[in-house]
Each structure stands twice: as C-alpha cells, then as structure tokens.
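Reader: I would like to go through this model with you and ask how each label is earned. Shall we put it up first?

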2 protein chains.
Amino acid sequence: MVITEKHIQIISKAEELFATKGYEATTVRDIADAAGVNLAMISYYFGSKEKLLEALFQERMNTTKHRIETIVKTETLSPFQKIEIIVDEYINRVAEKQAFYKIMLCEQVINKNTVVMKLLKDLKLVYAALISGVIEEGQRTRVFKKDIDVVMMLTTMTGTVTNMLVNKEYYREFNNQKKISNTLFEEQLQVNLKKHVKQIFKALLGYES
Amino acid sequence: MVITEKHIQIISKAEELFATKGYEATTVRDIADAAGVNLAMISYYFGSKEKLLEALFQERMNTTKHRIETIVKTETLSPFQKIEIIVDEYINRVAEKQAFYKIMLCEQVINKNTVVMKLLKDLKLVYAALISGVIEEGQRTRVFKKDIDVVMMLTTMTGTVTNMLVNKEYYREFNNQKKISNTLFEEQLQVNLKKHVKQIFKALLGYES
DNA sequence: TAAAAATTCAAACAATTGTTTGAATTTATC
DNA sequence: GATAAATTCAAACAATTGTTTGAATTTTTA
C-alpha cells in the first residue's frame, strides 16, 4: 500500500484516539472528525477500521525496526555500551510515541488482530536476538555473567517503561513534582527511567560501570 | 450492595470475557450467555455493564487489600524479609487472577471509568505507603541504601510481572519450554519471576541475602 | 481542453449495541 | 396457603456501529 500525506494524517489522529479511548470505543466517525475528513474516507483509504489499526502498527514498527538496526551496525561499541544505548533508545522511542505504546499494551492483552500480533512477535524476536548477541559477546569477554535470562530482562525493561506510562501522574504526585512544568517533568522522568533500567541491567548482567 | 452467589458467577464470567475480548468488545449478551443467565439479569443485578466492571474491581481489590494488610501486621519480620514476602505475594496474586490483571492493564491505559480509577489509585497508595514504611525501617537499621525511588521500584515489579502476562508464550518459546505441561511451566515461571524481581530489589535496595 | 481517473461527500444500509418493559414464574413472608 | 416480594424471561427499544452507495467534485492524463 502506498502511504500518502492523507494516510499519515488519519493514522496519527487514529493513534491519539485509540490511545485515549481504546480501539473498540473509538468510532470511525471520531477518527474522521479528528482528521477533518469525510467518514467514508477511512474505508476508502484503508479498507476498514481494523486495517487502519494494522496500518498504524505497520507504520510505527517499521520506523522502530530501522532504528534498532542502526544500533546493531555500530561495531565500535563495547557490549556494555551497546546495552546502554539500547536502553536509551527504547526509552526515547516510548517517550516520543507514548500514544502508540499505550495502544500496543492493550492490543497485546486482547491478542486478537493476527496482523498486529505477527508484527509484535517479529519485533520482539528482533529485540531478543539483538540483545542475545550483545550479551553473548559480553560473556565471551567475561564482562557479563553466565546464565542471563534475556526475555526476563527485556520484560523488565519494557514492563517498567510502559507501566510508567500509566503510573506517571501517580509518580509525579508521590514525588511532589506537581509544581514543575510538564516538559521538565517528562525530561526528568526519562533521565530517571534510563538510570533506573541501566542500574537493573548492571545488576542482572554483573558488570560495573 | 449485597453480593450473592449469582453476582459472583456473573462477575467471574465477565472477568474472563473482559480479559480475552476487552471490555468494550464484550457484549452484555456474551456475559449473560457465559454465565447462563438471561440478558436482562445483568442490568437487574448490577444496573449497567459499566457498574458490573466496577463491581468486579470492587470485589477483586477488596480481597487484595485484605491480603496486603495481613502482611504489614506481621511484626516479627525483618525489612528484607518483608520485601521478599511482598514480592512473593504480589506474584502469587497476579498468577491467581491473571484475567483480572489483564483487564487492569487496559483500564489503566483507557483511564475512563472514574470509580475504577479511584480504586486503583487507592490501592497504589496503600502499596506505596506499605513499601515506604518497610524501606524506611530498613534504612534506619542501615540495611537499605538511602534515596530509594519507591514508585520507580514498584513500577518495575508490577511492570515486569504484568508484562510477563502478555509475553508468557513468547518467553516459553524462546526458552524451549514448549514440551513441558502448562501447569509446570506456570510454576517454573512463577519461581523465576520471584527470583528475578527479588534480585532486582536487592540491587536497588543494596542489601545482600 | 476534453476525457478519465481519483477523491469527496451526504445519505442510507443492515447489524449490533446496552437497556427497558411487562408479563410470567419462583421464592419468601406471614 | 394466600399475599407479597423477588426473580426470570422473551420481546422490543432507540441509539450507534462500520461500511457502502452513487452522485458530485477535483485532479490527472493525454
């Protein structure tokens, strides 16, 4: 399918709505209104509401895959540096596309749309393979511990970061950060998250910075 | 509201359906059929579909709160023992009520039902207060580090465990555990999760077992 | 610029939604 | 065992859903 500017416009508005109302509760009329197009345009451009969701996942996960691949190709980095970059990049990506990662969270639970689930599985395999490679490299040079549970480790990273998406306001309240601006809070949260996940990874992998 | 056996029956079937299809995609007719009652009974017993969801949260989170409170009351335990029990109990609870925690995940994203959100916030505050107390106790006796980010720590626990709910099959596949039985896999996963979260908490809190 | 293709639109489509109705049946109360 | 209350049920309710239609408009092509 050829993606035009119009596609992007509709996808991006749908993304917002799916994230705030949920996929099922978002009507095609909601999306059309938000995107400023006629109701029939969604079917005309995407075929159906479901295929619009699939197009959204295709689009977002394509760019994600590209960004991951560029990390792997950087050969000059040490295993420990690679791990840190993977963490930084993941947290940047979630912060950048918060709405999408919220949708992802729900879609994984529902586990219904086969196209979406296939895309998710592929991405996870790419991730696991990438990390596994880095870890094995680090194990050969005796920087990392033996017997690392890669998927468990990844689950902690994605779980912590995506869970923070829904715990954010609560985190802010508990730490008395209601006074500071939204953007400053978001920035600080990203810094804290990166530090936190890296600290965990260090403990799991056994290296010292 | 007085909860009868019939209420429980409907709530429990609704829980299953909400977890597998999502709240919005689950129809009142689905629930009535699954529970073996007439369609009108859901309105008759709960008032509406939305209030049924609220009743589900009320019910499940009441029992959760009770179980948490009993942990706090055990005075003879050391801070480190308390932390370990909190982790064990949390993972047991999620394993026991997987469907409910899946619904919880989605409802937190949607953030729509105010009654549900209030219940969630209350529970989170109870949790944060409980952990904070234990951590402060451990800090006084110099067993735990200073400057612990409690909410961040909790987010890692809940994030890891609930994310594993949707990563489970993938975890199984990656670790070549497709041959073993479902119950055995679930048991092993619980053991691994407990070990994993405790290891992370040790690193974050700074104690050694 | 004329013909063809692509896009936009209001209107209508059938299907499904949560909820209510009011009569029938069961259970509880005295 | 008669009266009252609670429960069950099939049917109907109005509203909303995703999608399609076919004519009107715009854009592209030649």
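Author: Let us begin with a term: a polar contact is a pair of N or O atoms within 3.5 Å; within protein, one must be able to donate a hydrogen and the other to accept it, and residues adjacent in sequence count only if both atoms are side-chain atoms. This is a predicted model, in which local features need pLDDT of at least 70, side-chain atom pairs count only at pLDDT 80 or more, and totals for chains, interfaces and linings use all residues. Residues are numbered from 1 along each chain as its sequence is written, chains are lettered from A and ligands numbered from 1 in the order in which they are written, and side-chain values use heavy atoms, with hydrogens and water left out.

Reader: What makes Thr26(A) a polar contact of DNA strand D?

Author: A backbone N or O atom of Thr26(A) lies 3.4 Å from a phosphate oxygen of that strand. The cut-off is 3.5 Å, so the pair counts. Asn38(B) reaches a phosphate oxygen of DNA strand D with a polar side-chain atom, also at 3.4 Å, and for an N or O atom in the side chain of Tyr45(B) the distance is 3.1 Å.

Reader: How do you know which residues surround DNA strand D?

Author: A residue is near a strand if one of its heavy atoms lies within 4 Å of it. For DNA strand D there are 16 such residues, the closest being Thr27(A), Arg29(A), Ser48(A), Lys49(A) and Tyr44(B). Sugar and phosphate make up 52% of the strand's atoms that come within 4 Å of the protein.

Reader: Which helix gives the most to that surface?

Author: Helix 3 of chain B, with 4 residues. Helices here are DSSP runs (H or I, at least four residues), numbered from the N terminus. Helix 2 (28–35) and helix 3 (40–46) of chain A, along with helix 3 (39–46) of chain B, each supply at least two residues.

Reader: What polar contacts does DNA strand C have at its phosphate oxygens?

Author: Among them are a polar side-chain atom of Asn38(A) at 3.4 Å, a backbone N or O atom of Thr26(B) at 3.4 Å and a polar backbone atom of Val28(B) at 3.0 Å. DNA strand C is surrounded by 16 residues, and helix 3 of chain A gives the most to the surface near this strand, with 4 residues.

Reader: Why is the relation between chain A and chain B called a two-fold axis?

Author: Copies are superposed by least squares on the C-alpha atoms of residues with pLDDT of at least 70 in both. Chain A is laid on chain B by a turn of 180° and a shift of 0.0 Å along the axis, with an RMSD of 0.0 Å. That is the relation of a two-fold axis. In chain A, Gly159(A) has the C-alpha nearest the axis, 2.0 Å from it.

Reader: How do you know that the copies meet through the same surface?

Author: Of the interface residues of chain A, 100% are also interface residues in chain B, so the surface is the same.

Reader: What makes the span of helix 1 of chain A close to the expected one?

Author: The expected span is 1.5 Å times one less than the number of residues. Helix 1 (residues 5–21) has 17 residues, and the expected value is 24 Å; from first C-alpha to last, the helix reaches 24 Å. Gly22(A) follows helix 1, with a positive phi near 90°.

Reader: Which residues of helix 1 of chain A are called buried?

Author: Buried means under 20% relative accessible area (1.4 Å probe, protein chains only), exposed over 50%, and partly exposed in between. The buried residues of helix 1 include His7(A), Ile10(A), Ala14(A) and Phe18(A).

Terms used:
Contact means heavy atoms within 4.5 Å.
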